[in-house]
Amino acid sequence: MKALKYLNKYFLKYKYRLLIGLFITFCSKYLALQIPQLISKSLDASQDYKNGLVTDLTVVKADLLNNILLIVGAALLSGFFTFIMRQTIIVTSRLIEFDLKNEIYQQYQRLSLNFYKKNKTGDLMNRISEDVSKVRMYFGPAIMYSMNMLVLFIVAIVKMYNIDVTLTNYTLLPLPVLSVSIYVLSRIINKRSTVVQQYLSKLTANAQETFSGISILKSYGIERNAMAEFGSLSVTAKEKNINLFKAQALFFPLMILLIGLSNILVIYIGGLRYIAGEITIGVIAEFIMYVNMLTWPVAVVGWVTSIVQQAEASQERINEFLKHKPEIKNLVATPSQIKGDIEFKDVTFTYDDTNITALKNLSFTLKQGETLAILGNTGSGKSTILNLIARLYDTDSGEVLIDGKNIKDLNLDDIRQNIGFVPQEAFLFSDTIKNNIKFGDNNASDEKIEQAAKNAYIHHNIIDFNEGYNTYVGERGVTLSGGQKQRISIARALIKDPKILILDDCLSAVDTETEETILNNLHTVSHNKTTLIVSHRVSSVKNADKIIVIENGTIVQQGTHNQLVNKIGYYKELYEQQLLEKEL
Ligand SMILES: Nc1ncnc2c1ncn2[C@@H]1O[C@H](COP(=O)(O)OP(=O)(O)OP(=O)(O)O)[C@@H](O)[C@H]1O
């Protein structure tokens, strides 16, 4: 129950609803427990008449009718209270489910990029859906049936002891055996549930990855391999589930056996005490009814225990993420004005998941409004530089400075607000083109959206679609070409009117002429913005104020186009090679 302690705050939040639920449960069960007593009275009245203790039949009949009316009344009222009890407690569990989902989602949003690199999307989704559902069962049915059982037990046992202590002791004799068996079984269920949830996550993650990469799977014709992998995972998951079910299936027979034992004891011991004249026949009937009324709640103990065990396992998985501290924290609450000067001072950075040192003692400066172009072979560390400017990661040693201040001493929201980041792989949400561009500025007018699209040289493509800017893209909509996606994602960055514009090899999918047009547009609209552009093409970088060439995380060449084009090295080679390709 350690993991579930985390949820106590929700009990506090909804304490009044839960207390009302408890009170209603008490009313419902108290009324239901009047019925055996009324039946007992009726039986005894009939027997008294038969034995000649009462002679007036009309009095007996009136007594019986009165009891019947009371039984019907108690049953109806108890049913009504049971209905209200379900409404109160199950609704509370839904409210808590809503709160918990939001809490996890907010935590996901706070966590750093590294967290997403280390955890699979399917697993993240599973914890916010499957695991939360399991926890909801703890707040809903588990709490409701526990309250039910507790009230029924207390009220029934008090009534039973009031009638006959010896008979009650014998009736309750199987209870300790029941508790021990429940304890042992629940431990087994807990262990097996954890494994089942882990496999469910693995299955979701596998399916999610397959669907995301379906085009690759199909083009390589390896659907069979994917199916085999999923199949083998499913088989193991099925076996683990069956294992869990075997343990759960033991509960009911065990409960029925022990309750049956109680019934036999009531009949045998009750019979002996009746013969001895210590109790009436009505009491035996009343006890049999109590025992049978307790059957369901006792049987439910097993089910509730397994719900609680599963919720415990799920909450443990949820807590694992909730307790995760974001690696990148906003340490400054006050707003920061960003101008756009950038400096790297002896920066070294290692990705902790792969242990790859992507940048080694890297230094450069860039004044506000200048353009820096970054070139280098694949894997040399270009994107890492850009990620550090957006503070998606923090440096291991050295400093990244913006406007002369360490980036950690600036308000993180303001830094990100002032950066227009166009990543290497354009990502569009399943929404209209307009909303995808507006993502950069939620209040942008249609004119502003169009202007951003014009600057990104995509406006003419958009208006060619039947629905224009209202065309749906992404999973539910039209499929755009790689170049079109890249240009929409440039428009999204431009509409922010950022102080720092970061273009991470985002023109790779457009032809050189389109690239030229976009760069010219950018030159006009972003002359006052600090721009960082990563590219593999000399044509994209030749007009930059500064060019740096990166190799294995260090700068091997730097200067302007004119300076570098005549120096032996990577830049000159690249220039000559691309010039040759153009001539051919
Ligand atoms: N998220 C990550 N986790 C672990 N290692 C990473 C991560 N991103 C990049 N790396 C590693 O860091 C090194 C530098 O990568 P980076 O993406 O900065 O290179 P790049 O120059 O931008 O490459 P490309 O031109 O192919 O985009 C590479 O060896 C890469 O494998």
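How many nonpolar, polar and charged residues does the shell around the ligand have? Keep that question in mind while you walk through the chain, and remember throughout that this is a predicted model.

**The whole chain**

Begin by showing the complete protein chain as a cartoon, where you can look for 22 helices and 10 strands. Along its principal axes the C-alpha trace spans about 125 × 50 × 45 Å, and the radius of gyration of the protein chain is 36 Å, whereas a compact globule of 584 residues would have one near 25 Å. If you colour by burial, the buried residues make up 34% of the 584 residues.

Next, colour the chain by domain, giving one colour to domain 1 (1-164), another to domain 2 (165-278) and a third to domain 3 (342-583). The C-alpha centres of domain 2 and domain 3 lie 54 Å apart.

**The annotated spans**

Now select residues 64-85, 142-161, 167-185, 250-275 and 287-308, which UniProt lists, in an unreviewed entry, under "transmembrane region". Zoom in on residues 64-85, where the chain is 100% helix and 0% strand, with the end C-alpha atoms 31 Å apart. Then move to residues 167-185, a span that is 89% helix and 0% strand and whose end C-alpha atoms lie 29 Å apart.

**A sheet of four strands**

Travel on to domain 3, which covers residues 342-583, and select strands 1, 2, 4 and 5, which form an open sheet in the order 2-1-4-5 with antiparallel pairing. Strand 2 and strand 5 are the edge strands, since each of them pairs on one side only.

Within this sheet, strand 1 (residues 342-351) and strand 4 (residues 397-402) pair in the antiparallel sense over 5 bridges. Show the side chains of K345 and E399, because E399 in strand 4 is the bridge partner of K345, and then those of F344 and V400, where F344 stands opposite V400 in strand 4. In a regular strand, side chains alternate between the two faces of the sheet.

From strand 4, follow the chain into strand 5 (residues 405-406), with which strand 4 pairs in the antiparallel sense over 2 bridges. The bridge partner of L401 here is N406 in strand 5. Strand 4 and strand 5 form a hairpin with 2 residues between them, and D403 in the turn has a positive phi of about 50°.

**Two residues with positive phi**

Select N361, which lies in strand 2 and has a positive phi of about 45° although it is not a glycine. Is N361 buried or exposed? N361 counts as partly exposed because 14 other C-beta atoms lie within 10 Å, while 20 or more would be needed for a buried residue and 12 or fewer for an exposed one.

Then find D497 in the loop between helix 18 (482-494) and strand 7 (500-504), where phi is near 50°, again a positive value in a residue other than glycine. D497 has 18 C-beta neighbours inside 10 Å and therefore also counts as partly exposed.

**The ligand**

Finally, display the ligand together with the 16 residues that surround it, of which the closest are Y351, T378, K382, S383 and T384. Strand 2 (356-366) and helix 13 (382-389) are the elements that give two or more residues to this shell, and the largest share, 3 residues, comes from helix 13. Colouring the shell by class answers the opening question, for the shell around the ligand has 3 nonpolar, 9 polar and 4 charged residues.

Terms used: Residues are numbered from 1 along each chain as its sequence is written. This is a predicted model: local features need pLDDT of at least 70, side-chain atom pairs count only at pLDDT 80 or more; totals for chains, interfaces and linings use all residues. UniProt positions are given in the numbering used here, feature names are shortened, and annotations may be inferred rather than shown by experiment. A residue is near a molecule or strand if its C-beta atom, placed from the backbone, lies within 6 Å of it. Ala, Val, Leu, Ile, Met, Phe, Trp, Tyr, Cys and Pro count as nonpolar, Asp, Glu, Lys and Arg as charged, and the others, Gly among them, as polar. Domain bounds come from an automatic or database domain assignment. The radius of gyration is taken over C-alpha atoms; the globule rule is 2.2 Å times the number of residues to the power 0.38.
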